[in-house]
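Here is a set of questions on how labels are earned in a structural model. Each answer sets a value against its definition.

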Amino acid sequence: MSVFACIETFASAAESSSWEAMGAAQSIAEALGTDITAIIFGENSAAIAADAGKFGAASAIICDADAMSEYRLETYAALLSNLIDEYKPAAVVAVATSQGRELLASAAVDCQSGLIAEVIDLRVEDGSIIGARAAYAGKVLMEMSSHTPTTFVTVRGRAFPPPPINAAAKPSIKQVSPAILDSELKSVIDDLSAEIGAINLADAAIIVSGGRGMANNPAAAPADLSGEEANIWRAKDGFANTLQPLADVLGAAIGASRAAVDAGYIPYEHQVGQTGKVVSPDLYIACGISGAIQHQAGMRGSKVIVAINKDAEAPIFKLARYGIVGDLYEVVPALTDALKARLS
Amino acid sequence: MHVVTFTRSTPDTAARVWVNDEGEVTWGDVGTVVNPWDEYSLEETIVQAKHGGGESTVIAIGSDLHNDALKHSLAMGIQNALRVDETGADANDSLVWSALAAGAIRKLDDVDLVIFGKESVDVATDQHTYQLARRLGWTMLNFVSQIIETDYAAGTIQAQKMLERGNQVVSARLPAVISVMKGINEPRYPNFLGIRKAAKAQIPVWSAADLGISIPAAATSALRYFSPPERETATEMISGNNVKAQAATLVDRLFAEKVL
Ligand SMILES: Cc1cc2nc3c(=O)[nH]c(=O)nc-3n(C[C@H](O)[C@H](O)[C@H](O)COP(=O)(O)OP(=O)(O)OC[C@H]3O[C@@H](n4cnc5c(N)ncnc54)[C@H](O)[C@@H]3O)c2cc1C
Ligand SMILES: Nc1ncnc2c1ncn2[C@@H]1O[C@H](COP(=O)(O)O)[C@@H](O)[C@H]1O
């Protein structure tokens with residue numbers, strides 16, 4: 001009986017957010033008096049397993065085989081389920097990414113086991129694992145437990161810090177074979193336009209967000225644009241030339257409100273909120289965002305919120321630690337300059 | 001050719017939701033809406049059924065609370081609605097839920113494609129979709145932002161998925177289960193005629209016996225609901241003679257608070 005921590009890999013390296021699964025696994029393993037087994041599939045898994053040891057895995061089960069070189073739900077779930085059958089871990093933990101969600105939910109069906117999804121806190125009581133999670137857009141919290149010998153847990157990004165590193169630790173590593181071959185799959189990946197190096201909103205420590213107010217850019221739109229087209233041009237120019245420089249100084253990701261996305265100011269992958277991404281950065285700077293309840297649902301978990309809005313009555317100020325009432329097109333460049341001066 | 005979608009009612013996203021003295025979640029007498037993520041899956045179901053020259057069906061699992069979402073789906077233009085309700089089955093557990101859902105899909109027998117919304121806006125577990133696909137043994141494509149091509153005669157689908165690392169294009173064999181993202185389409189509004197037709201519709205209810213399945217034991221239970229701790233919101237409004245002074249003060253504060 002161990003606790004499995006699933007480490008996600010991409011292009012022969014561990015996704016750094018995966019180490020958060022080790023942090024969550026550790027809180028369960030300690031309470032149950034057991035250790036952590038890192039589960040690592042894909043290219044270069046032996047080297048990644050060595051890193052997992054430094055983050056506290058006593059052992060690692062790896063599968064570095066052609067059939068597993070690229071993440072595929074069917075091959076990964078089949079092998080994970082077999083390993084759970086064989087090793088009967090008390091828990092299987094992964095970060096709730098698009099992979100982590102589908103992989104654990106599928107293996108939980110294979111193993112007829114309970115799954116607690118998007119957990120933000122974990123504890124063990126009388127030997128059973130209890131996960132706390134947010135519901136109703138964070139207006140309510142709930143606790144869930146599972147009654148099966150193995151409990152599947154996906155954890156919300158940034159809810160569990162990675163464990164401290166012990167550079168001397170060496171895990172025992174076991175190499176296994178794939179459960180099914182990729183030639184048996186009923187689907188093929190034709191293309192992946194990966195943005196390597198792009199900052200993932202869910203992992204970002206700092207987020208600078210823009211809303212509908214981005215359209216009130218004093219920069220003059222090209223003369224041939226008018227009405228909504230001119231608004232879109234001004235807003236896009238603002239995201240690129242006013243918010244991005246601030247984000248660059250801070251190493252931040254760019255977020256947006258739904259109003260900005262729906263108006264065509266910025267692509268949907270930047271949307272924060274109930275029908276966008278749920279984020280919990282250390283610092284969230286909301287610029288020209290009113291702070292509607294559906295937007296709050298996505299960013300209420302931020303540690304420190306800064307609001308810049310020209311309307312002193314905007315609801316976002318109620319949530320903010322610091323507020324500046326003013327025109328974002330004056331405040332943001334001033335803030336960027338002040339930070340540059342301070343950080344250089 | 002048959003496209004099926006699942007949906008349910010969720011409290012209006014603007015509603016105040018709280019835990020009452022009995023420890024239950026309530027949103028007072030504010031109404032429910034169709035799960036907002038499902039507006040996109042409902043639209044896509046209508047489009048795909050039309051494209052394949054086949055039928056569209058919407059299914060809700062659970063109590064008659066979900067009739068509102070089913071009626072909204074019918075009003076949008078989904079052809080058939082049904083509800084699976086089994087007293088005694090804990091459909092809040094996703095293993096129980098997926099057993100009932102898979103039973104319904106097997107009973108329909110001719111389903112090519114099942115389309116889900118990304119998640120339920122209230123419980124936001126995003127697990128029902130995968131567990132249904134796994135029980136059926138069908139291909140699963142999550143977070144689809146565009147269906148590039150479907151050929152129901154040949155039994156193929158090509159779709160673009162929106163992943164953390166970028167966009168991935170996948171070709172797969174049908175039958176398949178997919179979940180779709182906001183932005184895949186522009187959901188239509190129900191028109192007056194649709195609303196009238198939906199209001200009159202009788203929605204059949206299937207039990208586990210109708211599906212010919214036995215219900216598995218629930219693997220999980222919700223222990224308790226509680227209110228989140230109040231956010232410490234001592235807002236400091238930063239004023240100053242000019243924006244330069246304000247910006248400098250804000251930077252000082254952020255450094256003092258060690259967020260930078
Ligand atoms: C089912 C459902 C789901 C939803 N999901 C989401 C979601 O996921 N995310 C989300 O964000 N919203 C969501 N919404 C929409 C939400 O209700 C709001 O409409 C939206 O968040 C408003 O965006 P906004 O704050 O950018 O725009 P507005 O509310 O229009 O606010 C713009 C703000 O900018 C300020 N401003 C204007 N010009 C300037 C300037 N030059 N300088 C400084 N400030 C300026 C104004 O004072 C104003 O406060 C959802 C709604 C529904 C019904
Ligand atoms: N009881 C239910 N009946 C029908 N559809 C549901 C039910 N619960 C969840 N779904 C759908 O499953 C998808 C994923 O939801 P979830 O796994 O709950 O986040 C959404 O499209 C939901 O509408």
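Helices (H or I, at least four residues) and strands (E, at least two) are DSSP runs, numbered from the N terminus. This is a predicted model, in which local features need pLDDT of at least 70, side-chain atom pairs count only at pLDDT 80 or more, and totals for chains, interfaces and linings use all residues. Residues are numbered from 1 along each chain as its sequence is written, chains are lettered from A and ligands numbered from 1 in the order in which they are written, and side-chain values use heavy atoms, with hydrogens and water left out.

Q: Which elements of chain B each supply at least two residues of the shell around ligand 2?
A: Strand S6 (55-61), strand S8 (113-117) and helix H4 (128-136) of chain B do. S6(B) gives the largest share, three residues.

Q: What makes a residue part of the surroundings of ligand 2, and which come nearest?
A: A residue is near a molecule or strand if one of its heavy atoms lies within 4 Å of it. There are 20 residues around ligand 2. B:Asp38, B:Ile61, B:Ser120, B:Asp126 and B:His128 come nearest.

Q: How do you know that B:Ser120 makes a polar contact with ligand 2?
A: A polar contact is a pair of N or O atoms within 3.5 Å; within protein, one must be able to donate a hydrogen and the other to accept it, and residues adjacent in sequence count only if both atoms are side-chain atoms. An N or O atom in the side chain of B:Ser120 is 2.6 Å from an oxygen atom of ligand 2. That pair therefore counts. A polar side-chain atom of B:Thr125 lies 3.1 Å from a ligand 2 oxygen. For B:Asp126, a backbone N or O atom lies 2.7 Å from an oxygen atom of ligand 2.

Q: How much of ligand 2 does the protein bury?
A: The protein buries 98% of the 480 Å² that ligand 2 exposes when taken alone. Accessible areas come from the Shrake-Rupley method with a 1.4 Å probe; for residues, only the protein chains shown count as cover.

Q: How are the residues of the shell around ligand 2 classed?
A: Ala, Val, Leu, Ile, Met, Phe, Trp, Tyr, Cys and Pro count as nonpolar, Asp, Glu, Lys and Arg as charged, and the others, Gly among them, as polar. On that basis the shell has eight nonpolar, eight polar and four charged residues.

Q: Where does ligand 1 lie, and which residues come nearest?
A: Ligand 1 lies between chains A and B. Of the 27 residues around ligand 1, A:Arg212, A:Ser257, A:Thr275, A:Ser290 and A:Gln294 come nearest. By class, that shell divides into six nonpolar, 16 polar and five charged. Helix H6 (258-262) and helix H7 (293-299) of chain A each supply at least two of its residues.

Q: What makes the approach of A:Arg212 to ligand 1 a polar contact?
A: An N or O atom in the side chain of A:Arg212 is 2.6 Å from an oxygen atom of ligand 1. That is within the cut-off, so the pair counts. A side-chain N or O atom of A:Gln271 is 2.8 Å from a ligand 1 oxygen. A:Gly288 uses a polar backbone atom, 3.0 Å from an oxygen atom of ligand 1. The protein covers 81% of the 980 Å² of accessible area that ligand 1 has on its own.

Q: Why are H4(A) and H4(B) called oblique?
A: Axes are lines fitted to C-alpha atoms, for helices over the stretch in contact, and angles run from 0 to 180 degrees between N-to-C directions. Angles under 35 degrees count as roughly parallel, over 145 as roughly antiparallel, 65 to 115 as roughly perpendicular and the rest as oblique. The axes of helix H4 (residues 98-110) of chain A and H4(B) come within 8 Å and cross at roughly 45°. The two helices are therefore oblique to each other.

Q: Why is H2(B) called oblique to H5(B)?
A: The axes of helix H2 (residues 67-76) and helix H5 (residues 192-200) of chain B cross at roughly 135° and come within 7 Å. That angle makes H2(B) oblique to H5(B).
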